[in-house]
Each structure stands twice: as C-alpha cells, then as structure tokens.
Amino acid sequence: MDGNGRWARARDLPRIEGHRQGVQNVLRIIDAAAREGIEYLTLYAFSVENWQRPPEEVDALMHLLEIFLQQYAHELIERQVRLRVIGDISMLPEHARRPLEKTLQDTAHFSAHTLVLAINYGARAEIVRAVQDYARDVQESRARPENLDWSTLANYLSTAGIPDPDLIIRSSGEKRLSNFLLLQAAYAEIYFTPVLWPDFDGEELAAAIHFFSQRERRFGKTGEQLHQS
Ligand code: IPE
Ligand code: MG
C-alpha cells in the first residue's frame with residue numbers, strides 16, 4: 001500500500017492525511033477483492049523497517065491501526081472475513097495490539113475470506129525466526145535435518161496455512177518487493193502501477209487481475225508442455 005505520503009504532498013497536506021486516506025481505502029479494496037472472488041488478500045501495512053520513520057509518523061500509523069480496528073472490526077465480522085496477521089505484533093504499542101488481538105479472536109472461525117495484515121513484517125526477519133524455531137526443534141529431537149523439505153519449512157513461516165500469493169500488486173510506481181513475502185513470492189506474478197494507494201480503487205484492482213489473467217504461469221515448465229495437456 002505505497003504512495004500515501006506522495007498523495008498528501010501533492011495536495012499540500014501532511015503525510016498523516018495521506019495515511020488516513022489510505023486507511024479509508026482499505027475497506028473499499030476488501031469489498032472489491034471479495035467481488036473478484038479473492039479468498040486471501042494480504043496488505044503490507046507496516047514493515048520492520050518502518051520503525052525508522054520519524055516517531056510522530058510511527059505513532060500516527062499505530063493510532064490509525066487502532067482506529068481502523070475500532071471502525072471496521074464489525075464490518076469484517078459482518079462480511080465474515082477472518083483476520084490474520086503476519087509479523088511480530090508483540091512490539092506494537094498496547095493500544096493497537098489489544099484491539100488487533102481481539103479482532104483476530106472474534107474472526108478466527110470465518111473461512112470464506114481471509115484478510116492478512118502484514119504488520120511489523122519483514123521477510124528476512126520471518127526467515128530468521130523460522131530457522132531459529134526449526135533449529136530448536138532439531139535440538140530437542142522433534143525434527144531431523146534430513147527430513148526437511150520446503151513444505152515443512154513453509155510451516156515455520158508466519159504464513160503457515162496461507163497459500164502463496166498468485167499476484168503481488170505494488171502501487172505508487174516503485175518497482176521493488178521491499179522485503180515482502182520473498183520466499184512465498186517465488187512464482188507470484190508481479191504488477192506495478194503508478195497509482196498511489198489512496199487512489200487505488202476497484203477498477204485498478206480489476207486491471208491488475210486482468211493483467212494476471214493474461215499471464216502464462218509455467219512454474220518452470222516450457223510453454224509447449226503446458227499446451228500439450
Ligand atoms: C504508505 O505509503 C506506506 C505505509 C503504510 C507505511 P508511504 O508512507 O510509503 O508513502 P510515500 O512512499 O511516502 O508516498
Ligand atoms: Mg513509500
């Protein structure tokens with residue numbers, strides 16, 4: 001969800017106002033994604049690197065997370081959306097962590113749609129954590145290195161049980177992944193759009209899905225092999 005700051009700057013508004021607009025956009029995109037039949041929607045809300053922003057901006061983002069949950073927790077429940085989080089939320093201020101944990105609990109039984117919020121998430125931190133947990137299981141004889149395969153390791157990641165992303169959308173014209181789901185993105189299609197996040201609407205999502213539908217996904221095979229069957 002990139003481009004909130006530039007959206008605000010272009011209007012001579014403080015960056016925080018861009019984040020406020022960006023949060024308002026989240027429900028719109030949850031609805032658009034549901035209309036498109038998307039079962040798992042992951043939003044990169046706050047990266048492990050975002051703590052380095054000015055403290056006032058970090059505070060504002062944490063307050064916006066709290067406000068989002070206050071405003072929209074019942075909307076998620078009404079829409080039967082299960083909320084999940086990837087990232088270490090133990091580091092969040094309590095005013096944001098508490099409503100987050102409550103919404104996780106209140107929506108845990110839904111299964112048709114899942115909204116995954118990446119908060120204090122970074123792929124490298126995730127992988128380090130997974131390797132630590134795995135090493136501990138080896139040390140305590142719960143796992144054997146020669147048995148390790150990808151699906152086992154994937155269960156140590158914060159995305160355990162969540163399918164790999166088919167499509168990754170990056171708004172605001174940047175063309176990089178910025179430490180987002182690096183291993184899970186191995187075969188993802190990647191869509192870059194110059195549209196800033198507060199302006200990214202249902203039509204933009206439909207355009208991204210159209211791009212996705214035109215891709216031939218070969219997963220390492222040749223095009224000929226795919227067309228044979
Ligand atoms: C939103 O956009 C990113 C976060 C939610 C942290 P930015 O704040 O990165 O916006 P730009 O890149 O300055 O435009
Ligand atoms: Mg940015």
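Colleague: Which side chain of opposite charge is nearest to R84, and how far away is it?

Modeller: That is E126, at 8.4 Å. This is a predicted model, and in it R84 is buried without a salt bridge.

Colleague: Where does R84 sit in the fold?

Modeller: R84 is in strand β2, which covers residues 81-86.

Colleague: What does the side chain of R84 reach, then?

Modeller: Backbone oxygens. The one of A160 is reached at 3.0 Å. The one of S158 lies 3.2 Å from a polar atom of the R84 side chain.

Colleague: And which residues is R84 in contact with, leaving aside neighbours within four places in sequence?

Modeller: One run is S158, T159, A160, G161 and I162. Another is T114, L115, V116 and L117, and L104 is on the list as well.

Colleague: Switching to charge pairs that do form. How many salt bridges does a search of the whole structure find?

Modeller: The search finds 21. One of them joins D2 and R170, with the closest N and O atoms 2.8 Å apart.

Colleague: Why does that pair tie together parts far along the sequence from each other?

Modeller: D2 is in the segment before α1, while R170 belongs to strand β4 (residues 167-170), so the bridge links parts that are 168 residues apart in sequence.

Colleague: Is R170 buried or exposed?

Modeller: R170 is buried, at 14% relative accessible area.

Colleague: What about E189, which partners does it have? Start with R215.

Modeller: R215 and E189 form a salt bridge whose closest N and O atoms are 3.5 Å apart. R215 is in the loop between α7 (202-214) and α8 (223-228), and E189 is in strand β5 (residues 189-192), so this pair ties parts 26 residues apart in sequence.

Colleague: Buried or exposed, those two?

Modeller: R215 is partly exposed, with a relative accessibility of 42%. E189 is buried, at 14%.

Colleague: What distance does the R217 bridge to E189 have?

Modeller: The side chains of R217 and E189 meet at 3.5 Å, N to O. R217 is also in the loop between α7 and α8, with E189 in strand β5, so here the parts tied together are 28 residues apart in sequence.

Colleague: Which residues are joined into one network by salt bridges that share partners?

Modeller: D2, R6, R170, E174 and R176. The D2 to R170 bridge at 2.8 Å has both its residues in that group.

Colleague: On to the ligand. Which residues are around ligand 1?

Modeller: The list starts with M1, D2, G3, N4, G5 and R6. It continues with R15, H19, A45, N50 and R53. D2 and R6 are thus in the shell and also in the salt-bridge network.

Colleague: What does R53 do there, in distance terms?

Modeller: A side-chain N or O atom of R53 is 2.7 Å from an oxygen atom of ligand 1. On the backbone side, a polar atom of G3 is 3.3 Å from a ligand oxygen, and an N or O atom of N4 is at 3.2 Å from one.

Colleague: How much of ligand 1 does the protein bury?

Modeller: The protein buries 88% of the 390 Å² that ligand 1 exposes when taken alone.

Colleague: Which elements give two or more residues to the shell?

Modeller: Those are α1 (4-9) and α2 (15-35). The largest share, three residues, comes from α1.

Colleague: Different spot: N120. Where is it, and buried or exposed?

Modeller: N120 is in strand β3, residues 113-121. Its relative accessibility is 4%, so N120 counts as buried.

Colleague: What does its side chain have for polar partners?

Modeller: The side chain of W51 makes a polar contact with that of N120 at 2.8 Å. The backbone oxygen of D88 is likewise 2.8 Å from a polar atom of the N120 side chain. Beyond four places in sequence, the contacts of N120 include F46, S47, V48, G87 and M91.

Colleague: Last one, L157. Where is that?

Modeller: L157 is in the loop between α6 (150-154) and β4. It is buried, with 5% relative accessible area.

Colleague: Which residues does L157 contact, past four places in sequence?

Modeller: E126, I127, A130, W150 and Q184. E126 is the residue named earlier as the nearest opposite charge to R84.

Terms used. Residues are numbered from 1 along each chain as its sequence is written. Chains are lettered from A and ligands numbered from 1 in the order in which they are written. This is a predicted model: local features need pLDDT of at least 70, side-chain atom pairs count only at pLDDT 80 or more; totals for chains, interfaces and linings use all residues. Side-chain values use heavy atoms; hydrogens and water are left out. Helices (H or I, at least four residues) and strands (E, at least two) are DSSP runs, numbered from the N terminus. Buried means under 20% relative accessible area, exposed over 50%, partly exposed in between (1.4 Å probe, protein chains only). Lys and Arg count as positive and Asp and Glu as negative; His and the chain ends are not counted. A salt bridge is a side-chain nitrogen of Lys or Arg within 4 Å of a carboxyl oxygen of Asp or Glu. A polar contact is a pair of N or O atoms within 3.5 Å; within protein, one must be able to donate a hydrogen and the other to accept it, and residues adjacent in sequence count only if both atoms are side-chain atoms. Contact means heavy atoms within 4.5 Å. A residue is near a molecule or strand if one of its heavy atoms lies within 4 Å of it. Accessible areas come from the Shrake-Rupley method with a 1.4 Å probe; for residues, only the protein chains shown count as cover.
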